[in-house]
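This report covers strand pairing and the two sides of one helix. The sequence and the structure are shown first.

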Amino acid sequence: MKHSDISHLGRIIEITPEFTTVEIISSSACSSCHAKGLCGVSEEQVKLISVPTDPYEEYHPGDEVNVFLRKTMGLKAVWISYVIPLLVLMILILSLSPVIRHEAYVGLAALGGVGLYYVVIYLLRDCLAKDFVFYIRKKQN
């Protein structure tokens, strides 16, 4: 593992020729992880992640593996999910305030702009999914 990777322990659930489905095993180690703010894996939820199947590695359902994501991809996810929508919100509020007299209408328009941003992100999810590729390695004891 490189220092620029975010990793979590997981268990293989299903293997197909295209994708290997891995269930993230939540543990108390998440609370002390240096990347917990970037990750989104919490102790109370089970996450299923689809990883492209490596034809050169032999995995079996039930195997424990480490799931990796490059740290730069985690930072990119934070920008897409939180920072850019905040900028959209602030820009709309500041630019619409002098034009529209009622604050409620400015707020609704700004929230509508952020909602539109998330709709566009949802429509581009397949394109974005190509950038956020997880990979796995066998658990090292």
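## Strand pairing of β1

In this predicted model, strand β1, residues 5-15, runs antiparallel to strand β4, residues 64-70, and seven bridges join the two. Aspartate 5 in β1 has arginine 70 in β4 as its bridge partner.

β1 also pairs with strand β2, residues 19-24, again in the antiparallel sense, here over five bridges. Within this pairing, threonine 21 of β2 stands opposite glutamate 14. The connection from β1 to β2 is a hairpin of three residues.

## Length of helix α3

Helix α3 comprises 21 residues, 103-123. At 1.5 Å a residue the expected span is 30 Å, and the end C-alpha atoms lie 30 Å apart, so the model agrees with the expected value.

## Buried and exposed sides of α3

Which residues of α3 are buried? They are Val106, Ala110, Gly113, Val114 and Tyr117. Viewed down the helix axis, these buried residues fall within an arc of 90°, and therefore line one face of α3. In general, an α-helix has 3.6 residues a turn, so residues three or four places apart point the same way.

The cover over the buried residues of α3 includes helix α2, residues 71-96. On the other side of α3, the exposed residues are Ala104, Tyr105, Leu108, Leu111, Leu116, Tyr122 and Leu123. Tyrosine and leucine are thus among the exposed residue types, including Tyr105 and Leu108, while Tyr117 is one of the buried residues.

Terms used
Residues are numbered from 1 along each chain as its sequence is written. This is a predicted model: local features need pLDDT of at least 70, side-chain atom pairs count only at pLDDT 80 or more; totals for chains, interfaces and linings use all residues. Side-chain values use heavy atoms; hydrogens and water are left out. Two strands pair if DSSP finds at least two bridges between them. Helices (H or I, at least four residues) and strands (E, at least two) are DSSP runs, numbered from the N terminus. The expected span of a helix is 1.5 Å times one less than its number of residues. Buried means under 20% relative accessible area, exposed over 50%, partly exposed in between (1.4 Å probe, protein chains only). The arc is that of the directions from the helix axis to the C-beta atoms. Contact means heavy atoms within 4.5 Å.
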